[in-house]
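This report covers the make-up of the pocket lining, then the overall fold, then the salt bridges. Please keep the structure open while reading.

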Amino acid sequence: MTDPYTILGVSKSSSLDEIKKSYRKLAKKYHPDLNPGNKEAEKKFKEISHAFDLIGTNESRAKFDRGETDEQQQKQYEEYMKSQGRRGQTFHDSQKGGGRYSYSFGDDIGGDDFFENLFGRGRESSFKGSDVNYKMQVEFREAATGAEKTITLQNGKTLQVKIPAGIETGKKLRFKGMGEAGSGKGQPGDAYIEIEVNPLPGYKRSGMDIEVEVPISFIEAITGAEIKVPTLDGEVLLKIPAGVSTGSKLRIKGKGVGVGEQRGNEIVVLKVVTPKEVNPALKSAIEKLKPQFDYNPRMQQ
Amino acid sequence: MNLIKLEEVCRLSGVDEEIIIHFIEEDWVHPSQEDGSMMDEEDLARIRLICELKDEFGVNDEGVSIILQLLDQLNRMHLELAKKFQGDDL
């Protein structure tokens with residue numbers, strides 16, 4: 001492992017202030033957001049951060065100087081290099097493939113507006129352009145697990161709209177600067193896209209969960225069964241335990257609202273359905289069983 | 001893309017709610033959901049970046065505004081260039 005003192009360009013006798021100063025200087029130079037897409041800078045930044053973690057406080061520095069950088073710490077370091085680092089996803093990474101923030105400048109990048117956007121804030125006789133409202137229909141499934149759609153604005157521009165998983169009817173997405181042009185040096189207004197989620201028959205949102213009503217026969221309710229139930233990802237087999245009633249709820253993990261590990265569940269709400277026309281043979285069979293098995297559910301707790 | 005509750009954003013970023021609200025008021029963070037009660041990964045990464053700029057690099061509020069604007073434009077340029085030269089790794 002390279003010596004953190006060397007990485008930070010300081011000596012063993014440097015003061016903590018000098019170490020901090022040097023770290024800040026290097027971190028500024030190699031910060032991944034200030035060097036977007038520069039893999040070398042990103043690597044360097046991680047090295048610098050790690051070196052600073054090792055000797056950036058009196059405590060950690062004393063530990064390091066005593067030689068207490070055991071195997072575990074080395075392992076942690078390797079993991080750390082593999083991962084995004086303790087800072088999580090960098091802002092630049094979050095903008096890869098077209099982030100909202102990167103598109104907050106409209107389409108005129110490189111034109112005259114380019115500099116006006118930067119310096120034109122709050123000048124006299126400048127008015128911000130009007131906001132523009134749009135409506136967008138989103139399928140139930142798209143609202144539950146997220147989607148990407150395009151919309152054509154009044155001015156003919158198209159906008160990539162990332163529908164976040166879990167969005168609900170009435171929520172508005174804001175696109176800065178995509179509204180009407182401002183006057184003078186005023187900034188353009190914003191575009192608001194109001195979401196309307198199309199209902200999907202049989203499916204109901206309940207927070208991060210999705211409730212689906214599934215009918216079963218009273219025979220299945222008594223004996224238990226394995227039945228196919230619909231989910232947003234297609235049908236799955238579900239075991240119904242014996243003795244369920246209308247309103248009994250069963251959970252299917254990870255078929256609800258959201259993405260990946262944070263996805264909610266599907267709640268199957270059972271509905272026991274008795275045949276509309278009772279077959280006489282069935283009726284007499286039940287009559288025969290009645291003396292032995294009849295019960296009064298109204299007496300139950 | 002997942003929506004993250006404001007409390008969760010506070011926990012993940014280690015930043016108090018008031019400070020995040022200050023970021024929104026300064027127009028540095030504009031959550032896709034207007035009321036700011038829910039955010040996404042872009043917002044979270046941006047909050048972390050602002051904290052680094054302020055706490056580690058000592059950038060003041062005016063500086064943050066300018067840096068963010070420049071970064072947004074720089075990232076946008078990257079995207080535009082990437083579109084023009086599709087396939088080349090920028």
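The residues lining the largest pocket divide into 14 nonpolar, five polar and four charged. The model is predicted. The lining counts 23 residues. Nearest the pocket centre lie A:Phe218, A:Ile222, A:Ile286, A:Phe293 and A:Tyr295. In chain A, the elements that give two or more residues to this lining are helix H9 (218–223) and helix H10 (280–293). H10(A) supplies the largest share, eight residues. The pocket holds about 830 Å³ of space.

**Chain A overall**

Chain A contains ten helices and eleven strands. Of its 301 residues, 39% are buried. Among its contacts with a separation of 6 or more, 55% join residues 24 or more positions apart. The exposed area of chain A is about 18200 Å². Carbon and sulfur atoms account for 50% of that area.

**Salt bridges**

Over all chains, the structure holds 14 salt bridges. Three of the pairs are listed here, with the N to O distance for each.

| Pair | Closest N to O distance |
|---|---|
| A:Lys149 and A:Glu142 | 3.1 Å |
| A:Glu211 and A:Lys204 | 3.8 Å |
| A:Asp233 and A:Lys255 | 3.1 Å |

Take the bridge between A:Asp233 and A:Lys255. A:Asp233 sits in the loop between strand E8 (225–229) and strand E9 (236–240) of chain A, and A:Lys255 in the loop between strand E10 (249–252) and strand E11 (266–273) of chain A, so the pair ties together parts that are 22 residues apart in sequence. A:Asp233 has a relative accessibility of 45% and counts as partly exposed.

How exposed are the two partners in the bridge between A:Lys149 and A:Glu142? A:Lys149 is partly exposed, at 21% relative accessible area. A:Glu142 is also partly exposed, at 22%. The cut-off for buried is under 20%, so neither residue counts as buried.

The bridge between A:Glu211 and A:Lys204 pairs a buried residue with an exposed one. A:Glu211 counts as buried, at 18% relative accessibility. A:Lys204 counts as exposed, at 51%.

Salt bridges also form a network that includes a residue of chain B. Its members are A:Lys128, A:Asp131, A:Arg174, A:Lys176, A:Asp190 and B:Asp27.

How values were computed
Residues are numbered from 1 along each chain as its sequence is written. Chains are lettered from A and ligands numbered from 1 in the order in which they are written. This is a predicted model: local features need pLDDT of at least 70, side-chain atom pairs count only at pLDDT 80 or more; totals for chains, interfaces and linings use all residues. Side-chain values use heavy atoms; hydrogens and water are left out. Helices (H or I, at least four residues) and strands (E, at least two) are DSSP runs, numbered from the N terminus. Buried means under 20% relative accessible area, exposed over 50%, partly exposed in between (1.4 Å probe, protein chains only). Contact means heavy atoms within 4.5 Å. Accessible areas come from the Shrake-Rupley method with a 1.4 Å probe; for residues, only the protein chains shown count as cover. On a 1 Å grid over the protein atoms alone, a cavity is a set of points where a 1.4 Å probe fits but cannot get out, and a pocket is an open set with protein on both sides within 12 Å along at least five of seven lines; lining residues have an atom within 4 Å of a point. Grid points are joined across faces, edges and corners, and a volume is the space filled by probe spheres set on the points. Ala, Val, Leu, Ile, Met, Phe, Trp, Tyr, Cys and Pro count as nonpolar, Asp, Glu, Lys and Arg as charged, and the others, Gly among them, as polar. A salt bridge is a side-chain nitrogen of Lys or Arg within 4 Å of a carboxyl oxygen of Asp or Glu.
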